[in-house]
Amino acid sequence: MAPATNTRKRHRSSSAAASTAATGPASPSAAIRRVSSTSSFSSGASASAASPSPSFDDPSTADVVLCLNHQASPLDAGESSSNSDSRRSDPVQIHLHSSVLHRSQYFDALLSGRWQNRDPPSPSADVLLCNLTVSGPVDAYVTVLSLLYTDDFSSAITSASTALDLLPIALELLFEDCVKSCVRFLEAVPWTEEEESRVINLTPFLKDEESSELLARVSPDNKDSCEEMLFGLIQAAFKNQANMASSKVASSKAFVAKILREISNRDVARRVLERAFTERLKVVKESLEEYSSPDFREDHDETEAIQRLHLHMATTNGRHLLWLVERMIELRVAEAAAKEWSEQPNFTADLLKAFVDESWMCIVPGFPAVMMRCTLKLAQAITAGNILAARQVRMKLVEDWLPVVIVCKDKGLATLCSSKSIYSDLEETFLSIISTLPMSDAQLLLQKCLCFSTRSTEDCPHLVTAFNTWFRRASQTVVPENRQ
């Protein structure tokens, strides 16, 4: 009985993944009878004349009678009792043949030596009666036993669920041909989420060569696979912009945005977005630098064409930057982007140089708006507390980008279709950021904001409030109590 004990333990350790409460595959023989009870390994009556070709559950030729005794599993504990459940607990008697059972290593070990030096079963041969306690669906055991009589498993294994019902039983009985057929079927078909969980629970009981293909479907090749997948999706969405209609581009970006929102590991999303942000910002900066310092050629038209290309590239990647900034703010992972955006003195200088030269306006008129929107989104996130930026980041953001805002305002650039312009929003937001800085820093920056007052006093209450706040603070003396 040692083989029986070992294999049963092996099966029970995987029973959570092996058995379901649903009815298993249909019994392949109507000749199966229910009996009251029997004792293990006792001798029974002689069988009838042997058949030259044994058939499953044929009492006339069987030399082994197997009783399957169902043992209630924890899954059955909450079920109400019924006549059907009572019948399930009765042993199921199946007539088998030792010559066929040897295909199962479990039965081969169990019957080893009993029929050595004996001719095929005859009417005078004893019939071995043995019991097997099962915790899974009895019908699934019957199906596996019937498959001992055939080499064609395709008619029995017709779905992933069926393969998962049969596989743990085949493992318990050490029926290698059935194990291989179940594994081969599972490798080739899709799984539901529940089936996937069952497969994962069964893989520890499979050989390495059997489980490798199954695990490859659910196990990443490396720890960075999620990051690479997300980054690849972002890159694909950006590339689609050049090849797809605007509605399809918006749809693909919306799909990627949804994945980013729903990903469970926020650190992965943060790293991917930061990587994409840095990469796109580099392209914008290089393109603008090439435009601002062109390599003049003998052919003026060629030089102009190259400059146009650089501007279009800067604008396209600027739109990608804006989308990335929006996603980072939405996920509250934009701290690194705000810091990097505040450390761009050379970039802002190239922007000033480009905007002063109005020749670009007929090429990419929307470019200033894209840059200003990126700045506005980050600045508003800082004032809203979405980004907890250090003092140096807040100060440098205003100091480096304020001149660009002023140029856009003077030239009437970067306006929206609405009644309010981007630069007026930036004025208010920058003044709010200035109010968070030490008095000395605020004094220097507020003086540079005086040009905001070109509108009437009634049209710029934010500027009036900012100066009133600074003078109110400057006229008061706040001494901590512990210094009094």
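## Exercises on a predicted model

Beyond its neighbours within four places in sequence, Asp-177 touches Arg-103 and Phe-153, where contact means heavy atoms within 4.5 Å. This is a predicted model: local features need pLDDT of at least 70, side-chain atom pairs count only at pLDDT 80 or more, and totals for chains, interfaces and linings use all residues. Residues are numbered from 1 along each chain as its sequence is written, and side-chain values use heavy atoms, with hydrogens and water left out.

### Exercise 1. Place Asp-177

Task: find the helix of Asp-177 and state its exposure.

Solution. Start with the element. Asp-177 sits in helix α8. Helices (H or I, at least four residues) and strands (E, at least two) are DSSP runs, numbered from the N terminus. Next, take the accessibility. Asp-177 has a relative accessible area of 36%, so Asp-177 is partly exposed. The cut-offs are these: buried means under 20% relative accessible area, exposed over 50%, partly exposed in between (1.4 Å probe, protein chains only). Finally, look along the chain. Ser-104 is 73 residues from Asp-177, yet their C-alpha atoms are separated by 8.9 Å.

### Exercise 2. Two single residues

Task: compile a short profile of Tyr-106 and of His-310.

Solution. Take Tyr-106. Helix α5 (residues 105–110) holds Tyr-106. Tyr-106 is buried, because its relative accessible area is 2%. Tyr-106 and Leu-174 lie 68 residues apart in sequence, and their C-alpha atoms are 5.6 Å apart in space.

Now His-310. Helix α14 (residues 300–330) holds His-310. A relative accessible area of 17% makes His-310 buried. Leaving aside neighbours within four places in sequence, His-310 is in contact with Ser-287, Glu-290 and Tyr-291.

### Exercise 3. The packing of α8 and α10

Task: describe how α8 and α10 pack, from angle to residues.

Solution. Two packed helices are described by the angle between their axes and the distance between the axes. Begin there. Helix α8 (residues 176–188) and helix α10 (residues 208–218) have axes that come within 10 Å and cross at roughly 20 degrees. Axes are lines fitted to C-alpha atoms, for helices over the stretch in contact, and angles run from 0 to 180 degrees between N-to-C directions. The two helices are therefore roughly parallel to each other. Angles under 35 degrees count as roughly parallel, over 145 as roughly antiparallel, 65 to 115 as roughly perpendicular and the rest as oblique.

Then the hand. α8 passes α10 in a left-handed crossing. A crossing is left-handed if the near helix is turned anticlockwise from the far one by less than a right angle, and right-handed if clockwise.

Last, the residues. Val-179, Val-183 and Leu-186 are among those in α8 that meet α10. The α10 side consists of Glu-210, Glu-213, Leu-214 and Arg-217.

### Exercise 4. The faces of α10 and α9

Task: which residues of α10 are buried, and which exposed residues does the face turned away carry?

Solution. Glu-210, Ser-211 and Leu-214 in α10 are buried. Seen down the axis of α10, these fall within an arc of 70 degrees, so they line one face of the helix. The arc is that of the directions from the helix axis to the C-beta atoms. Turned away from the buried side, the face of α10 carries exposed Asp-208, Glu-209, Glu-213 and Ala-216. The cover over the buried residues of α10 includes α8 and α9.

Turn to α9. Helix α9 (residues 193–202) has Glu-195, Arg-198, Val-199 and Leu-202 buried. Down the axis of α9, its buried residues fall within an arc of 100 degrees, so they line one face of the helix.

### Exercise 5. A second helix pair

Task: characterise the packing of α16 and α18.

Solution. Helix α16 (residues 345–356) and helix α18 (residues 391–411) have axes that come within 9 Å and cross at roughly 15 degrees. α16 is therefore roughly parallel to α18. Their crossing is left-handed. Phe-347, Leu-351 and Phe-355 are among the α16 residues in this contact, and Trp-401, Val-404 and Cys-408 among those of α18.

### Exercise 6. Cysteines

Task: how many disulfides are there?

Solution. A disulfide is a pair of cysteine sulfur atoms within 2.5 Å. The count is zero. Check Cys-130: the closest cysteine sulfur, in Cys-67, is 7.8 Å from its own, too far for a bond. Cys-449 is in no disulfide either, with the nearest cysteine sulfur, that of Cys-451, 7.0 Å away. Cys-449 is buried, at 0% relative accessibility.
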